[in-house]
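Visitor: I would like a close look at a single part of this protein, the place where its ligand sits. Please take me through it slowly, and explain the terms as you go.

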Amino acid sequence: MKIVDLLPDDPLKIEQVARLLNEEFAPVSWTTSEEAHEEVQDAFTPGRINKVALNDAGDVIGWIGGRPYYALVWELHPLVVRADYQRQGIGRALVAELEKAVKERGGLTITLGSDDEADLTSLGGVELYPNVLEKLANIKNLRAHPYEFYQKIGFSIVGVIPDANGFGKPDILLAKRVG
Ligand SMILES: CC(C)(COP(=O)(O)OP(=O)(O)OC[C@H]1O[C@@H](n2cnc3c(N)ncnc32)[C@H](O)[C@@H]1OP(=O)(O)O)[C@@H](O)C(=O)NCCC(=O)NCCS
């Protein structure tokens, strides 16, 4: 496995990344090939970080993007690993590459939002107000929501946006200091 920059003049890899988004996130996000391609094109906006993991055959097996957010903060968006390569350290390696690139650019913090649109955690499908922080402090992972992946690689939960994607569909916020 190796990690390289995704370049705008590489239509084969761009197609593989778009397909990956489709396969891993539909029917929740990027449900059409067109939407997936728009997301990939968006990642070529100047100033962003845009990297792919390749297997020995040179096929895309993972993708990570990073964009300047504000002050010294960068947002990780998106991250995806091909299903048949998950749980083999690819996600961890992609985030490590992003951290390196953010640090080189003078960033200090990486943050991200990880949605729960399918009741994968104890925060999904319930009323979070008014004791939002209490419910967040007692979060339980019910069905392999990726927030635990991020915790394993050093991120902390720093907040939650109730109803971000509709009632009972919150966005769980995580952050990590780089370096
Ligand atoms: C979440 C995702 C990026 C993780 O990538 P990955 O390559 O499978 O993760 P890694 O193999 O590097 O895992 C690192 C650690 O996190 C754990 N982990 C991975 N996914 C996990 C999950 N969903 N829940 C709990 N732990 C998880 C691994 O077991 C491993 O633990 P270990 O260090 O104790 O062995 C990948 O599963 C994926 O693309 N999922 C679909 C898309 C998605 O949810 N993207 C994130 C949106 S915010």
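Guide: The protein is divided into domain 1 (1–107) and domain 2 (116–179), with bounds that come from an automatic or database domain assignment. This is a predicted model, in which local features need pLDDT of at least 70 and side-chain atom pairs count only at pLDDT 80 or more, while totals for chains, interfaces and linings use all residues. Residues are numbered from 1 along each chain as its sequence is written.

Taken over C-alpha atoms, the centres of domain 1 and domain 2 are separated by 22 Å. Their contact takes eight residues from domain 1 and five residues from domain 2, where two residues are in contact if their C-beta atoms, placed from the backbone, lie within 7 Å. On the side of domain 1 that touches domain 2, the residues divide into three nonpolar, two polar and three charged; here Ala, Val, Leu, Ile, Met, Phe, Trp, Tyr, Cys and Pro count as nonpolar, Asp, Glu, Lys and Arg as charged, and the others, Gly among them, as polar.

Now to the ligand itself. Both domain 1 (1–107) and domain 2 (116–179) give residues to the shell around the ligand, so the ligand lies between them. Of the 17 residues around the ligand, Gln86, Gly91, Arg92, Glu148 and Phe149 come nearest, a residue being near a molecule if its C-beta atom, placed from the backbone, lies within 6 Å of it. The elements that give two or more residues to this shell are β4 (73–81), α3 (90–104) and α5 (147–152); such helices (H or I, at least four residues) and strands (E, at least two) are DSSP runs, numbered from the N terminus. By class, the shell has seven nonpolar, five polar and five charged residues.

One of these elements, α3, deserves a further look. Its 15 residues should span 21 Å at 1.5 Å a residue, and because its end C-alpha atoms are 21 Å apart, the two agree; the expected span is 1.5 Å times one less than the number of residues. In α3, the residues Ile90, Gly91, Leu94, Val95, Leu98, Glu99 and Val102 are buried, meaning that 20 or more other C-beta atoms lie within 10 Å of a residue's own, whereas 12 or fewer would make it exposed and a count in between partly exposed, with C-beta atoms placed from the backbone. What covers the buried residues of α3 includes β1 (2–5), β2 (49–54), β3 (60–70), β4, β5 and α5. Just after α3, Gly106 takes a positive phi of about 90°.
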